[in-house]
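Hi everyone, thanks for making time for this. I have one structure to walk you through, so let's put it up on the screen.

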Amino acid sequence: MQPVTVGTAKASPGETARGVIPAGRDFDGPIEIPVIVVRGTRDGPVLWIDGATHGDEAEGSITCWNLAKEVDAKGLAGTLVLVPILNLAAAKNGSRGNPLDHVNYDLNRVYPGKPNGRGTERLAWAYYQEFAPKADIVISLHSGGSVGYMSRVIYHNDIPASLELAKAFGVGWDLIVEPAYSVDRRPATGTIEAVSGANGKPALVVELGGLSESLPDKLLQNSRSLTDGCVNLMRYLKMLPGKVERNGRWKLAREWIVQTGTGGFWLPDSAFRFRKSVKEGTVLARVVDTYGETLEEIKAPCDGETIGMRTTPYVGLPGDHCVFFAEILNEVTE
Ligand SMILES: [Zn+2]
């Protein structure tokens with residue numbers, strides 16, 4: 001078996017290696033993406049897991065560190081590539097994107113990036129050069145961050161195998177959502193799952209957490225849940241020994257992003273609950289003015305369930321997101 005090299009990290013069979021993916025040069029030194037390569041001792045897939053695409057989503061980073069400690073290269077089949085903090089410039093600032101890049105702020109909208117683009121596009125390009133040819137499966141870990149609180153949701157891509165991979169995340173991960181849409185109902189472009197799909201590779205975006213759950217016990221609990229999901233997936237892929245836990249029942253859904261038509265204060269309805277089935281037109285929240293008078297009712301766009309919400313009650317921007325809503329298309333059991 002050959003060593004596996006990602007950036008400067010080179011791991012021989014049975015070894016774990018650390019290194020960086022070079023991504024350019026900054027004022028004060030190199031721009032780098034930290035990477036950990038866990039090379040197994042038997043044949044198997046290259047599973048690539050990243051965290052902190054968005055620099056305000058810490059759960060993915062903790063999950064990568066957990067996996068680096070807990071997965072023994074000698075007992076592994078295939079290769080596990082861990083990227084704990086993909087967007088370091090954003091993470092240093094605790095923000096979704098690099099605060100210095102005013103044009104292409106969201107890394108997960110600019111893939112595959114450009115070698116001669118702006119900062120975030122260059123970061124995407126450097127990263128894409130590594131994962132696109134080397135990863136068999138990409139799992140991008142997200143958690144809502146400062147903009148949204150998210151239920152446990154897995155988004156798959158256009159490759160059919162990705163739906164089966166989503167089902168392998170284990171108990172409690174019962175909501176699987178179609179490839180993401182943008183607010184105007186067009187397929188979201190420039191995402192890591194979309195470019196992976198275009199290359200024929202399955203990819204998942206896993207969401208759990210957000211600012212509302214950044215208190216220490218919740219942060220660690222959500223990171224543990226993500227870690228356990230990744231371990232279960234690795235058992236499903238026969239990369240690790242052990243019993244594969246199955247939820248056994250899944251809701252397959254399409255996501256709607258519910259916007260406001262006005263700025264104001266977002267005041268949830270007292271009956272608002274996550275993952276509660278509601279009918280189309282149910283009032284989820286109201287946007288009120290500075291005197292508390294209703295400007296707009298935020299309603300369920302169809303029958304379904306709320307799976308996410310904005311974290312900040314103040315809506316400064318008409319058209320801003322308020323609710324992430326799942327239209328349930330099908331329920332499957334096994
Ligand atoms: Zn994110």
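Let me start with the helix H6, where Leu219, Asn222, Ser223, Ser225, Leu226, Thr227, Gly229, Cys230, Val231, Asn232, Leu233 and Met234 are buried. Please keep in mind that this is a predicted model. H6 runs over residues 216–236, which makes 21 residues. From first C-alpha to last, H6 reaches 30 Å, close to the 30 Å expected at 1.5 Å a residue. Just after H6, Lys238 takes a positive phi of about 60°.

H6 also holds a salt bridge, between Arg224 and Asp228. The closest N and O atoms of that pair are 3.0 Å apart, and the two residues sit four apart in sequence, about one turn of the helix. Are these partners buried or exposed? Neither label fits: Arg224 is partly exposed because its relative accessibility is 32%, and Asp228, at 42%, is partly exposed too.

Now for the metal. Which residues coordinate the zinc ion? They are His54 through ND1, Glu57 through OE, listed twice, and His142 through ND1, at 2.0 to 2.3 Å. In sequence, the donor residues follow the spacing H-x2-E-x84-H. Why is the arrangement irregular? Because the four donor atoms subtend angles of 57 to 153° around the zinc ion, while tetrahedral would need all angles between 85 and 135 degrees. His54 counts as buried, because its relative accessibility is 3%. Glu57 is buried as well, with a relative accessible area of 3%.

Back to salt bridges, since a search of the whole structure finds 20 of them. One that I'd like you to look at joins Lys251 and Glu305, with the closest N and O atoms 2.4 Å apart. This pair links distant parts of the chain: Lys251 is in strand S11, residues 249–259, and Glu305 is in strand S16, residues 304–310, with their positions 54 residues apart in the numbering. Lys251 is buried at a relative accessible area of 18%, and Glu305 is buried at 1%. Both residues belong to a network of salt bridges that links Asp174, Lys251, Arg275 and Glu305.

Last one: the side chains of Glu121 and Lys114 meet in a salt bridge, at 3.6 Å from N to O. Here Glu121 counts as buried, because its relative accessibility is 10%, whereas Lys114 is partly exposed at 43%.

That's my tour, and I'm happy to take questions.

Methods
Residues numbered from 1 in each chain as written. Predicted model: local features only at pLDDT ≥ 70, side-chain atom pairs only at ≥ 80, totals over all residues. Heavy atoms only, no water. Expected span 1.5 Å × (residues − 1). Buried < 20%, exposed > 50% of the residue type's maximum accessible area, 1.4 Å probe, protein only. Donors = N, O, S within 2.8 Å, 3.2 Å for Na, K, Ca; no water. Tetrahedral: all angles 85-135°; square planar, octahedral: opposite > 155°, others 65-115°. Salt bridge = Lys/Arg side-chain N within 4 Å of Asp/Glu carboxyl O.
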